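Here's a quick tour of a fold, going from the overall contact pattern down to the individual hairpins. Have a look at the model first.

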Amino acid sequence: METEKIAMEKATKNYGKNLASAIKNNCKDQKCPFHGSLRVRGKTIQGTVTKKFPKRVVIVFERIVYVRKYERYKKTRIKIHARLPDCISNEINIGDTAIAKECRPLSKIIHFVVVDKLNLGGVKK
Ligand SMILES: [Zn+2]
């Protein structure tokens with residue numbers, strides 16, 4: 001258990017800085033990367049929150065893909081569903097830029113979890 005905790009802290013250490021005040025309140029969510037037993041690994045994505053559901057958000061982001069036929073690049077929009085832990089659900093709203101990290105598949109469509117957000121207080125960089 002102890003080593004698991006340390007590994008979890010390492011994985012989420014660089015995230016959640018903008019949500020630190022919310023993370024201080026313990027939540028009973030088992031599938032929370034900060035308080036539960038959910039471990040994060042793999043890809044990190046960053047995008048705009050377009051929809052919000054109980055315990056889940058939709059994040060849209062753009063990616064540049066090479067098209068071989070035309071020897072050019074095109075932009076594609078990618079939509080993913082990410083789990084929203086209980087402790088930060090009040091902090092993430094539609095229009096925010098959220099950072100999500102890959103985790104184990106939690107359901108058919110959810111294999112990411114929200115770990116942080118950007119632009120605190122609506123300040124854009
Ligand atoms: Zn939590």
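Among contacts between residues at least 6 apart in sequence, 59% join residues at least 24 apart; a contact here means C-beta atoms, placed from the backbone, within 7 Å. Keep in mind that this is a predicted model, where local features need pLDDT of at least 70, side-chain atom pairs count only at pLDDT 80 or more, and totals for chains, interfaces and linings use all residues. Residue numbers start from 1 along each chain as its sequence is written.

How confident is the predictor? The mean pLDDT of the chain is 85, and 86% of its residues reach 70 or more (pLDDT is the predictor's confidence in each residue, from 0 to 100). Confidence bottoms out in helix 1 (residues 2-12) at a mean of 64 and peaks in strand 3 at 96.

As for burial, 26% of the 125 residues count as buried, which takes 20 or more other C-beta atoms within 10 Å of a residue's own, with C-beta atoms placed from the backbone.

The chain has two helices and five strands, laid out along the sequence as α-α-β-β-β-β-β. Helices (H or I, at least four residues) and strands (E, at least two) are DSSP runs, numbered from the N terminus. The five strands close into a barrel in the order 1-2-3-5-4, with mixed pairing. From one strand to the next, the twist averages 50 degrees, using axes fitted to C-alpha atoms and angles from 0 to 180 degrees between N-to-C directions. Two strands pair if DSSP finds at least two bridges between them.

Here are two of the pairings, both antiparallel:

| Strands | Bridges | Residues between strands | Positive phi |
|---|---|---|---|
| strand 1 (residues 40-53) and strand 2 (residues 56-67) | five bridges | two residues | Lys55, near 65 degrees |
| strand 2 and strand 3 (residues 72-83) | 12 bridges | four residues | Glu71, near 50 degrees |

To find your way around the sheet, start at Lys51, whose bridge partner in strand 2 is Val58. Then go to Phe61, which has Ile78 in strand 3 as its bridge partner. In general, strands of a sheet pair through backbone hydrogen bonds, either parallel or antiparallel.

Notes:
Buried ≥ 20, exposed ≤ 12 C-beta atoms within 10 Å, placed from the backbone. Contact = placed C-beta atoms within 7 Å.
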